[in-house]
Amino acid sequence: MRGFEALQPFRNPRFSLYFGGQVVSNTGTWFQNLALSLVILELTGSAQALSAVTVAQFAPLLILGIPAGRLADRIRPRTILLVTSAASALVGLALAVAVVATPVDLVLMYALVFLLGCINTFDRVAAQAIIFEIAGPETLTRSVSISTIALAAARSVGPGLAGIAFSALGAGWCMVMNAGSYALVFVAIALIRPSRLHPRPRVDRTTGTAPVALLRNRAFVTILVVNSAIAMLALNLMLVITSTVSLSFRGDATMVGAAHALNALGAIVGGMLAATPASVPVRALRYGCAGLGLALLANAAAPNLTVFLVLAPVLGLGVGFYQGVLQASAQASVAPGQLGRAMSFVTLGSYGVAPLGAILMGGVIDASSGQVALLVGGVTGLACAAFVWWRTGGRSASG
């Protein structure tokens, strides 16, 4: 049956290990992010102060994103992931100490988040580059789309569990659990034997033309433009959803977790829909952008918390489908030997602009409301759909 074809990557035990590790890691990250968000909002009551966490977390990508891609094309991504997961566990433990200190030192917390962001820059690029080596070219598209569900699956349980843990145990234990998740990722990656991975062509080190060639690829450039615009103005969901529930609708930590969890349930369905086709051309991104834009507009129109929670899965569906199409079309549009550099550009667009987006949306929320921030994101999604339509209309997917 066509629907079950999306599950084809799970027949590969190495992909199952990789996917499981990503779910665990992303779940732990939600424990950290939710705890940090609530601690900072409690201390400051400011969305701008909360946006500083996003700045500290993702600013390293602006500096290290491209070097991380070069490294992933020269060193096995498996090796990089082993180093980054171990280092992340140590920083996670340091954050646990920082949040229980009296008084809480915000500068120290921001510094540790920045350090973790540096490590995660290399981790994110390697985690995308390794998918080809795990899946091979035959199931690459579906494997990439399915891999985006790991984030959604973590969101389906992570925020709710994190909200419960925060209420019952406090912020410190949330950080400890995040550190433990990185340790489990280390074990999962270690169990993937190098001899069972597909070889990936290496980039010629004598030439420096790989980035130039990527930026001459019309389809890939289209993806980069859309990715950056939507990441900056439409996908600051940790900030926007948390602020909307907490500040606009006066919901507690449990309601914040519920909103993110319901959003994630829809994202799982959206990711599965994106993984159904055997190949995903860049022109499919027009539908991903349009769906995301409409979902954001629907959530922006929610008059109260109850309606907002009911509409949360709709937003998740739009996010999951968009991200699955984006990642699959990006990897399909470049040669295997360029995947490290290509995914560093994609990662740079997805996360590197997050600090600027967080500052902008934090200012919008403080000046108006989270609903206005959702409105801005919805308009951006529709504008990007029109842009992709213009770039790909009457043209082949290869651009």
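Which way does helix α2 pass helix α11, in a right-handed or a left-handed crossing? Keep that one in mind while I set things up. Quick reminder, everyone: this is a predicted model.

Okay, the answer. Helix α2 passes α11 in a right-handed crossing. To find them on your screen, α2 covers residues 13–44 and α11 covers residues 237–248. Their axes are 12 Å apart, and the angle between the two helices is about 50°. An angle like that is neither under 35 degrees, nor over 145, nor in the range from 65 to 115, so α2 and α11 are oblique to each other.

Who does the touching here? From α2 we have Trp30, Asn33, Leu34, Ser37 and Leu41. On the other side, α11 brings Met238, Thr242 and Ser246. Sort that contact by class and you get four nonpolar residues, four polar ones, and no charged ones.

Let's stay on α2 for a moment and look at Val24, which is found in that helix. Is Val24 buried, exposed or partly exposed? Its relative accessibility is 32%, and partly exposed sits between 20% and 50%, so partly exposed is the label. Leaving out neighbours within four places in sequence, Val24 is in contact with Ser181 and Leu184. Also have a look at Ala154: 130 residues separate it from Val24 in sequence, yet C-alpha to C-alpha they are 7.1 Å apart in space.

Now back towards α11. Asn236 is in the loop between α10, residues 218–233, and α11. This residue has a relative accessible area of 7%, and the cut-off for buried is under 20%, so Asn236 counts as buried. What does it touch? Setting aside residues up to four places away in sequence, the list is Ala231, Ala354, Gly357, Ala358 and Met361. There's a polar detail too: a polar atom of the Asn236 side chain lies 2.8 Å from the backbone oxygen of Met232.

Last stop, a second helix pair. Helix α5, residues 77–100, packs against helix α6, residues 106–135, with axes 9 Å apart and an angle of about 155°. Over 145 degrees counts as roughly antiparallel, so that is how α5 runs relative to α6. The crossing of these two is left-handed. By class, the α5 and α6 contact has 21 nonpolar residues, four polar and three charged.

So, to recap the two pairs: α2 and α11 cross in a right-handed way, while α5 and α6 cross in a left-handed way. That's me done, thanks!

How values were computed:
Residues are numbered from 1 along each chain as its sequence is written. This is a predicted model: local features need pLDDT of at least 70, side-chain atom pairs count only at pLDDT 80 or more; totals for chains, interfaces and linings use all residues. Side-chain values use heavy atoms; hydrogens and water are left out. Axes are lines fitted to C-alpha atoms, for helices over the stretch in contact, and angles run from 0 to 180 degrees between N-to-C directions. Helices (H or I, at least four residues) and strands (E, at least two) are DSSP runs, numbered from the N terminus. A crossing is left-handed if the near helix is turned anticlockwise from the far one by less than a right angle, and right-handed if clockwise. Contact means heavy atoms within 4.5 Å. Ala, Val, Leu, Ile, Met, Phe, Trp, Tyr, Cys and Pro count as nonpolar, Asp, Glu, Lys and Arg as charged, and the others, Gly among them, as polar. Buried means under 20% relative accessible area, exposed over 50%, partly exposed in between (1.4 Å probe, protein chains only). A polar contact is a pair of N or O atoms within 3.5 Å; within protein, one must be able to donate a hydrogen and the other to accept it, and residues adjacent in sequence count only if both atoms are side-chain atoms.
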